[in-house]
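Student: I would like to look closely at one part of this model, and I would rather go slowly than see everything. Please begin with the pairing of charged side chains and then follow it into the surrounding parts.

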Amino acid sequence: MDWRSVPSLPALRAVEAAGRTGSLSKAAAELNVTHAAIAQHLRTVEDFVGCPLLVREGRGMALTPQGAQLLPALTGGFEQVIAGVRDTMRDVADAPLAISVTPSFAEHWLMPRMGSFWAAHPEITVSVTPTTEISDLRRDGIDLAIRYGRGDWPGLSSELLAAADYVVVAAPSLLGDRKPETLSDLDDLPWLFETVHRETRVWAVSQGLDPVCCQSKEIATLSMVLAATRAGAGVAIMTKALVQDDIATGKLRAVFNMPQSGLGYHIVTRPGVMAPRLKTFVKWLRSA
């Protein structure tokens, strides 16, 4: 498409508005520019095509034969552009909000709370994709991701949603009346760790747990670790955000709380102005 073969779009818009309304003043008001700007655009297009397009007639403007030939093409073209933009905006408004989260966060934090969002905002459809992969928000069409880390992802906007403080938990049935003061006081109990992510095992050793003495077991996923812990199969180290409901309801007992400076679950979005639906969802996340 060779844009050098036509005048600028602002100039063509001015000619279309002036020709359709029959007035430079009305065209200026419609496009929110000055009368002089419309007149200048008109001269630019006339110089470009090499003939007058509008002539003064009484208090208004009349189309020349060349102007009458050009106007339907301009009006039809701009109407098609407007229709295309509106259709795109309608499609965007109707499309579900695309949310990317880790499976464990989706299962243990987000989904138990989603009922309150749907009840408050039934007009907003949300599509939640649980994945351990780091999504490219723009390429993959993701509106919002919840990521674990320090919030320093280049080219993205992030806001801390929940601190990822570690908490050592176990089922009350496993702990009984124990009141441990250190991790090593629980060496005789089985410990459960996730296979893939080894951060909690490293942290436990740094806090005095002896992996040789304790009966440690590795389980494939964090969700499976949590399910086994709830059932009394062992002691686990979890991020507090994922088990705060279990602790509150008494399913799990918090033995130790260990703040982790800077780490947490972050709301991550593309830079720029948020769509109204996304603003609503982010506001709900903060309150939840």
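Student: By the rule for salt bridges, how many does the count come to?

Tutor: The count comes to seven salt bridges, where a salt bridge is a side-chain nitrogen of Lys or Arg within 4 Å of a carboxyl oxygen of Asp or Glu. Before we follow them, please keep in mind that this is a predicted model, in which local features need pLDDT of at least 70 and side-chain atom pairs count only at pLDDT 80 or more, while totals for chains, interfaces and linings use all residues. Residues are numbered from 1 along each chain as its sequence is written, and side-chain values use heavy atoms, with hydrogens and water left out.

Let us take one pair as our starting point. The side chains of arginine 113 and aspartate 245 meet in a salt bridge, with 3.3 Å from N to O. Because arginine 113 belongs to helix α5 and aspartate 245 to helix α9, this pair ties together parts that are 132 residues apart in sequence; helices (H or I, at least four residues) and strands (E, at least two) are DSSP runs, numbered from the N terminus. The two partners can also be described by how much of each is accessible. Arginine 113 has a relative accessibility of 12% and counts as buried, whereas aspartate 245, at 35%, counts as partly exposed (buried means under 20% relative accessible area, exposed over 50%, and partly exposed in between, with a 1.4 Å probe and protein chains only).

From aspartate 245 we can move into the rest of helix α9, made of residues 240-249. The buried residues of α9 are Ala241, Leu242, Val243 and Asp246. These buried residues pack against α5 (103-120), the helix that holds arginine 113, and also against β6, β7, α8 (222-230), β10 and β12 (264-269), where contact means heavy atoms within 4.5 Å. After α9 comes glycine 250, which has a positive phi near 85°.

One of the strands against which α9 packs is β6, and serine 158 gives us a single place in it from which to look around. This serine is in β6, made of residues 157-163, and with a relative accessible area of 32% serine 158 is partly exposed. Leaving out residues up to four places away in sequence, serine 158 touches Gly151, Trp153, His266, Ile267 and Val268. The C-alpha atoms of serine 158 and isoleucine 146 are separated by 9.1 Å, and these residues are twelve apart along the chain.

Helix α7 can be read in much the way we read α9. In α7, made of residues 199-206, Thr200, Arg201, Trp203 and Ala204 are buried. They are on the same side of α7, because they cover an arc of only 165° around the axis, taken from the directions from the helix axis to the C-beta atoms. On the other side of α7, Val202 and Ser206 are exposed. The buried residues of α7 pack against a set of strands, namely β7 (166-170), β8 (190-194), β9 (215-219), β10 (235-239) and β11 (253-258). Glycine 208 follows α7 and has a positive phi near 105°.

Now we can return to the other charged pairs. Aspartate 188 and arginine 178 form a salt bridge in which the closest N and O atoms are 2.4 Å apart. Both aspartate 188 and arginine 178 lie in the loop between α6 (172-175) and β8, ten residues apart. Each partner counts as partly exposed, aspartate 188 at 45% relative accessibility and arginine 178 at 26%.

Arginine 139 also forms a salt bridge, with aspartate 140, and here the closest N and O atoms are 2.9 Å apart. Arginine 139 is exposed, with a relative accessible area of 60%, while aspartate 140 is partly exposed, with 37%. Finally, Glu16, Arg20 and Glu30 are linked in a network of salt bridges.
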